[in-house]
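Me: I have a model open and want to learn how to read it. Can we go through it feature by feature?

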Amino acid sequence: MGSRWQVEVDRGVCIGSGLCVSTAPDGFRLDSARQSHPVKDEVDAREAVLAAAEGCPVEAIVITEAGSGEAVFPPEE
């Protein structure tokens with residue numbers, strides 16, 4: 001079994017650019033207020049989800065390892 005990620009979007013930071021949806025359309029949706037949210041809170045580790053987080057212009061997406069809580073993105077410094 002592969003890695004699982006916990007995905008969260010800080011809706012107080014999200015500006016609704018939609019880049020996450022275009023990068024990982026099966027991972028993110030925009031609601032009626034144009035705020036992003038993950039389709040599922042926990043997902044299989046996938047490059048598209050990581051690329052969406054990395055491409056977010058306001059870094060509103062946080063990814064951690066499911067179970068351990070270890071930071072995936074943004075990386076711990």
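Reply: We start with the fold, then take size, surface, charge and strand pairing. Keep in mind that this is a predicted model.

Me: Which elements does the protein chain have, and how do they run from the N terminus on?

Reply: There are 2 helices and 6 strands. Their order is β-α-β-β-β-α-β-β.

Me: How does the radius of gyration of the protein chain agree with a compact globule?

Reply: Compare the value with the one expected for the chain length. For 77 residues, a compact globule would be near 11 Å; the protein chain has 11 Å, so the two agree. Along the principal axes, the C-alpha atoms fill a box of roughly 35 × 25 × 15 Å.

Me: What share of the residues is buried?

Reply: Buried means under 20% relative accessible area. In the protein chain, 31% of the 77 residues are buried. The exposed area is about 4600 Å², with 48% of it from carbon and sulfur atoms.

Me: How many charges are there, and how far apart are their mean positions?

Reply: The protein chain carries 6 positive and 14 negative charges. Their mean positions lie 12 Å apart.

Me: Which strands does S5 join?

Reply: In a regular strand, side chains alternate between the two faces of the sheet. Now look at the partners. S5 (residues 61-65) runs antiparallel to S1 (residues 4-9), with 5 bridges. Val 7 is opposite Ile 63 there. S5 also pairs antiparallel with S6 (residues 71-73), through 2 bridges. One of the partner pairs is Thr 64 and Ala 71.

Me: What lies between S5 and S6?

Reply: A hairpin turn, with 5 residues between the strands. Gly 67 in that turn has a positive phi of about 95 degrees.

Definitions and conventions
Residues numbered from 1 in each chain as written. Predicted model: local features only at pLDDT ≥ 70, side-chain atom pairs only at ≥ 80, totals over all residues. Heavy atoms only, no water. Helix = DSSP H or I, 4+ residues; strand = E, 2+ residues; numbered from the N terminus. Rg over C-alpha atoms; globule rule 2.2 N^0.38 Å. Buried < 20%, exposed > 50% of the residue type's maximum accessible area, 1.4 Å probe, protein only. Areas by Shrake-Rupley, 256 points an atom, 1.4 Å probe, with all protein chains shown as cover. Lys, Arg positive; Asp, Glu negative; His and termini not counted. Charge placed at Lys NZ, Arg CZ, Asp CG, Glu CD. Pairing = 2+ DSSP bridges.
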